[in-house]
Amino acid sequence: MAADLSTIVKAYDVRGVVPDEWDETLAELFGAAFAQVTGAEAVVIGHDMRPSSPGLSRAFARGAAALGVNVTEIGLCSTDQLYYASGALNLPGAMFTASHNPAQYNGIKMCRAGAAPVGQDTGLAEIRQLVEEWSESGAPEPAVTPGTITRRDTLEDYAAHLRGLVDLTSVRPLNVVVDAGNGMGGHTVPTVFAGLPLDLVPMYFELDGTFPNHEANPLDPANIVDLQKRVREEGADLGIAFDGDADRCFVVDEQGNPVSPSAITALVASRELARHGGKGTVIHNLITSWSVPEVVKENGGTPVRTRVGHSFIKAEMARTGAIFGGEHSAHYYFADFWNADTGMLAALHVLAALGGQDGPLSGLVAQYDRYAGSGEINSTVADQTGRLAAVKTAYESRAGITLDELDGLTVSSADWWFNVRPSNTEPLLRLNAEARDETTMAKVRDEVLNIIRA
């Protein structure tokens, strides 16, 4: 009987519970399918610190090598370090991680050479089909000459590449607290920050895929409480938190207050535009703040709005030749990083901006944080389509309202906007709202939630 992969093959990656939903046997078939779909002569593979990651990664390598593909294993790495290897070596890549999911989960993020995304429309559907077929009929016929499996350390080269993109040599000394959440930031931060004028206060740098201190998801306010407290105790200039595979970063200011990822997007966009002579396209998804396109325009750039999700951002980056892209989920994409997302490079930009002037981070980001936002609010609903239609009905006939359905439903007026979109994987509707003041935002938020949860 063929394996049913519908629960683990998502829109952009593979993710599920090990060994209940997938295991090393399936990982080996995924490796063979990845080799066949990409048609590559060689691939690069990395993995995070989860207990199941080394075994799954090696099984994937065996599957690819059996079809004659040469495999370079870079071992423990962050997801953006795998993207670096894919770009620098010009090879398709596979990263074994479940990002911020609990310890029993694992997954695969795959890319083509140059870190180009692999999603449902760019190879993932074909990979799933092959794995399902082979799980029933048996593994494909091996090549006459199997591929080789070799090891390569890319950490120093990755760190040097990032430091070459942001000049921190002349900034004032900064005291920075970093919470790695027992994830891969504990592996990459010491090497990337080495030699920079930073007094590093590490938190939870021990690699531990069971996440003994807190979930490695800094977008959940509960998971940055320790960081906020430590920043205040240390009198630090700022705090930075990374998620489990260290491709996202979240920032808190010197008072321990969270800095909106939209404000970070605007700040980095202004720096990238300045570096490109005040010209360039910047991609932002439709739940980032009004501040982002405003700042982009003020700095001479062209903002382009897109759907939520890294495959959409990367596709628009490639289509438009954009220099930078940002999402409100704290993913940041750079043309100088093969259009891939790297939280570490965004963190270096924040450090350079802060250290290049004398004021505190709260003052620096105030110019980029202009509106009141709700953050993302999830509601469990039995009928996503029906509740979304109810929201549309409630607003479509009101004066001064515009609606668009690029991704879910976005409703806008002169003083506020909100977006409601369904989850691809869970029975949830996700609400993001923003207004020119807190009172208006709260009124809009509560009104929409009442409709969603009716």
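**Exercise 1. Surface and overall dimensions**

What does the accessible surface of the chain come to, and what share of it belongs to carbon and sulfur atoms?

*Solution.* The model is a predicted one. The accessible surface of the chain comes to about 17500 Å², and carbon and sulfur atoms hold 48% of it. Turning to the interior, buried residues make up 57% of the 454 residues in the chain. For the overall dimensions, the C-alpha trace spans about 65 × 55 × 45 Å along its principal axes. A compact globule with 454 residues would have a radius of gyration near 22 Å, and because the chain has 22 Å, the value agrees with that expectation. The secondary structure comes to 14 helices and 22 strands, and among contacts with a separation of 6 or more, 69% are accounted for by residues 24 or more positions apart. As for charge, the mean positions of the 34 positive and 58 negative charges are 4 Å apart.

**Exercise 2. Aromatic pairs**

Classify the ring pair of Trp22 and Phe96, and state which parts of the chain it ties together.

*Solution.* The count for the model comes to 12 aromatic pairs. In the pair of Trp22 and Phe96 the rings lie 6.4 Å centre to centre with 20 degrees between the planes, and since planes under 30 degrees apart count as stacked, this pair is stacked. Trp22 lies in the loop between strand 1 (14-17) and helix 1 (24-38), whereas Phe96 lies in strand 4 (residues 93-96), so the pair ties together parts that are 74 residues apart in sequence. Trp22, at 1% relative accessibility, counts as buried, and Phe96, at 0%, counts as buried too. The pair also belongs to a wider arrangement, in which ring pairs link Trp22, Phe30, Phe34, Phe60 and Phe96 into a cluster.

Now treat the pair of Tyr395 and Phe418 in the same manner.

*Solution.* The ring centres of Tyr395 and Phe418 are 5.0 Å apart and the planes stand at 65 degrees, so the pair is edge-to-face. Tyr395 is in helix 13 (residues 384-395) and Phe418 in strand 21 (residues 416-422), and the pair links these distant parts of the chain, 23 residues apart. Tyr395 is buried, with a relative accessible area of 1%, and Phe418 counts as buried at 0% relative accessibility.

**Exercise 3. Two helices and their packing**

List the buried residues of helix 9 and of helix 10, and name the elements against which they pack.

*Solution.* In helix 9 (residues 291-298) the buried residues are Ser291, Val292, Pro293, Val295 and Val296. They pack against helix 8 (261-275), strand 13 (281-285) and strand 14 (302-306). Just after this helix, Gly300 takes a positive phi of about 90 degrees.

In helix 10 (residues 310-320), His310, Ser311, Ile313, Lys314, Glu316 and Met317 are buried. The elements they pack against are helix 3 (79-89), strand 6 (116-117), strand 13, strand 14, strand 15 (324-326) and strand 16 (332-334). Just after helix 10, Gly321 takes a positive phi of about 70 degrees.

To interpret such lists, recall that an α-helix has 3.6 residues a turn, so residues three or four places apart point the same way.

**Exercise 4. The surroundings of one threonine**

Is Thr72 buried or exposed, and which residues does it touch?

*Solution.* Thr72 is placed in strand 3 (residues 70-76). Its relative accessible area is 15%, and because buried means under 20%, Thr72 is buried. Leaving aside residues up to four places away in sequence, Thr72 touches Val43, Val44, Ile45, Thr150 and Arg152.

Notes. Residues numbered from 1 in each chain as written. Predicted model: local features only at pLDDT ≥ 70, side-chain atom pairs only at ≥ 80, totals over all residues. Heavy atoms only, no water. Buried < 20%, exposed > 50% of the residue type's maximum accessible area, 1.4 Å probe, protein only. Helix = DSSP H or I, 4+ residues; strand = E, 2+ residues; numbered from the N terminus. Contact = heavy atoms within 4.5 Å. Rg over C-alpha atoms; globule rule 2.2 N^0.38 Å. Areas by Shrake-Rupley, 256 points an atom, 1.4 Å probe, with all protein chains shown as cover. Lys, Arg positive; Asp, Glu negative; His and termini not counted. Charge placed at Lys NZ, Arg CZ, Asp CG, Glu CD. Phe/Tyr/Trp six-rings, centres within 6.5 Å; stacked < 30°, edge-to-face > 60°.
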